[in-house]
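Reader: I should like to be guided through this structure by questions and answers. Where would it be suitable to begin?

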Amino acid sequence: MMQRLIDEIRSIVDVSDTEVAAFIESMETVVVPKGDYFLREGQVSRRMGYIGRGLMMHYQIHDGNECPIGFTKEYEWVAYLKSFSTGSPSDASIRALEDTELLVLTGEAMAKVFELQPKLMAVRSFYTDQFLVRTVEYLSDLTNMKARDRYHKFVEQNPDLLNRIPQYLIAAYLGMKPQSLSRLRGQRQ
């Protein structure tokens, strides 16, 4: 996990061993057991994590139901940027769907690293841009694509998640009823 993150950082910005070490040393390894929370609605998000192993779900509660707004898996960053960036209480939760091991960076530690190594701010910008593009694409797909097409796109982009996420959560994420997803899955096989 550590080497993969170092390689990713170096693919984004040209950094010395000292600069990358400053970033890595500011992180700590955390394990979030399946079912536990990385962030609860109402808390202020003060950390982000790079997942080495596991899977997390971002969701909001609407009419008493969990409505997934994203999934984060191995070699991706997990955070709720709205709360992390503004310091406002979160209107979403992030929960582990599997035992999840992460390298965690607090906002305070990140600020110190960026102050000492400003070149590393390019890393945050890169990942923030990725997140924004993914979010806009997801929202566009919900509005402009048929349910069948959203499902096929999800399968193509995330074949490894089909057996890791309960069907009812995939259906909710794609904006459809579980029965509709069952029919689509049956047609695909």
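**Questions on the predicted model**

Author: One may begin with a single residue of this predicted model. Tyr151 is found in helix α6, which covers residues 147–157.

Reader: Is Tyr151 buried or exposed?

Author: The cut-off for a buried residue is under 20% relative accessible area. Tyr151 has 3% relative accessibility, and therefore it counts as buried.

Reader: What separation is found between the C-alpha atoms of Tyr151 and Met176?

Author: Along the chain, Tyr151 and Met176 are 25 residues apart. In space, their C-alpha atoms are separated by 9.5 Å.

Reader: How many helices and strands does the protein chain have?

Author: Helix α6, where Tyr151 is found, is one element of the secondary structure. For the protein chain, the secondary structure comes to eight helices and eight strands.

Reader: What radius of gyration does the protein chain have, and what would a compact globule have?

Author: The C-alpha trace spans about 55 × 35 × 30 Å along its principal axes. With 189 residues, a compact globule would have a radius of gyration near 16 Å. The value for the protein chain agrees with this, at 18 Å.

Reader: What percentage of the contacts between residues at least 6 apart in sequence join residues at least 24 apart?

Author: Contact here requires heavy atoms within 4.5 Å. Among contacts in the protein chain between residues at least 6 apart, those joining residues at least 24 apart make up 68%.

Reader: What percentage of the residues count as buried?

Author: The protein chain exposes about 10300 Å², of which carbon and sulfur atoms supply 51%. Of its 189 residues, the share that counts as buried is 42%.

Reader: Which residues of helix α2 are buried, and why are they on the same side?

Author: Helix α2 covers residues 17–25. Its buried residues span an arc of only 130° around the axis, which puts them on the same side of α2. On the other side, Asp17, Thr18 and Glu25 are exposed. The buried residues are Glu19, Val20, Phe23 and Ile24.

Reader: What covers the buried residues of α2?

Author: The buried residues in question are Glu19, Val20, Phe23 and Ile24. Their cover includes α1 (2–12), β6 (77–78), β8 (100–106) and α4 (107–116).

Reader: What is the phi of Asp63, and where is this residue found?

Author: Most residues other than glycine have a negative phi. Asp63 is exposed, with a relative accessible area of 79%, and is found in the loop between β4 (55–62) and β5 (65–73). Although Asp63 is not a glycine, its phi is positive, at about 50°.

Reader: What is the phi of Tyr75?

Author: Tyr75 lies in the loop between β5 and β6. At 33% relative accessibility, Tyr75 counts as partly exposed. Tyr75 is not a glycine, and yet it has a positive phi of about 65°.

Reader: With which residues is Tyr37 in contact, leaving aside its neighbours within four places in sequence?

Author: Tyr37 has its place in strand β2, residues 37–39, and counts as partly exposed at 26% relative accessibility. Its C-alpha atom is separated by 8.9 Å from that of Met56, 19 residues apart along the chain. With the neighbours within four places left aside, the contacts of Tyr37 are Val32, Arg47, Tyr59, Ser93, Ile94 and Arg95.

Reader: Which residues are in contact with Arg46, its neighbours within four places in sequence being left aside?

Author: Arg46 is placed in the loop between β2 and β3 (47–53). Its relative accessible area of 59% makes Arg46 exposed. The C-alpha atoms of Arg46 and Ser83, 37 residues apart along the chain, are separated by 8.0 Å. Beyond its neighbours in sequence within four places, Arg46 is in contact with Phe84, Leu105, Thr106 and Gly107.

Reader: How many Å apart in space are Met121 and Val13, C-alpha to C-alpha?

Author: Met121 is found in helix α5, residues 121–144, and is partly exposed, with a relative accessible area of 44%. In sequence, Met121 and Val13 are 108 residues apart. In space, C-alpha to C-alpha, they are 9.3 Å apart.

Reader: How far apart do the centres of the positive and negative side chains lie?

Author: The protein chain has 23 positive and 25 negative side chains. The centres of the two sets lie apart by 8 Å.

Notes. Residues are numbered from 1 along each chain as its sequence is written. This is a predicted model: local features need pLDDT of at least 70, side-chain atom pairs count only at pLDDT 80 or more; totals for chains, interfaces and linings use all residues. Side-chain values use heavy atoms; hydrogens and water are left out. Helices (H or I, at least four residues) and strands (E, at least two) are DSSP runs, numbered from the N terminus. The radius of gyration is taken over C-alpha atoms; the globule rule is 2.2 Å times the number of residues to the power 0.38. Buried means under 20% relative accessible area, exposed over 50%, partly exposed in between (1.4 Å probe, protein chains only). Accessible areas come from the Shrake-Rupley method with a 1.4 Å probe; for residues, only the protein chains shown count as cover. Lys and Arg count as positive and Asp and Glu as negative; His and the chain ends are not counted. The place of a charge is taken as NZ of Lys, CZ of Arg, CG of Asp or CD of Glu. The arc is that of the directions from the helix axis to the C-beta atoms.
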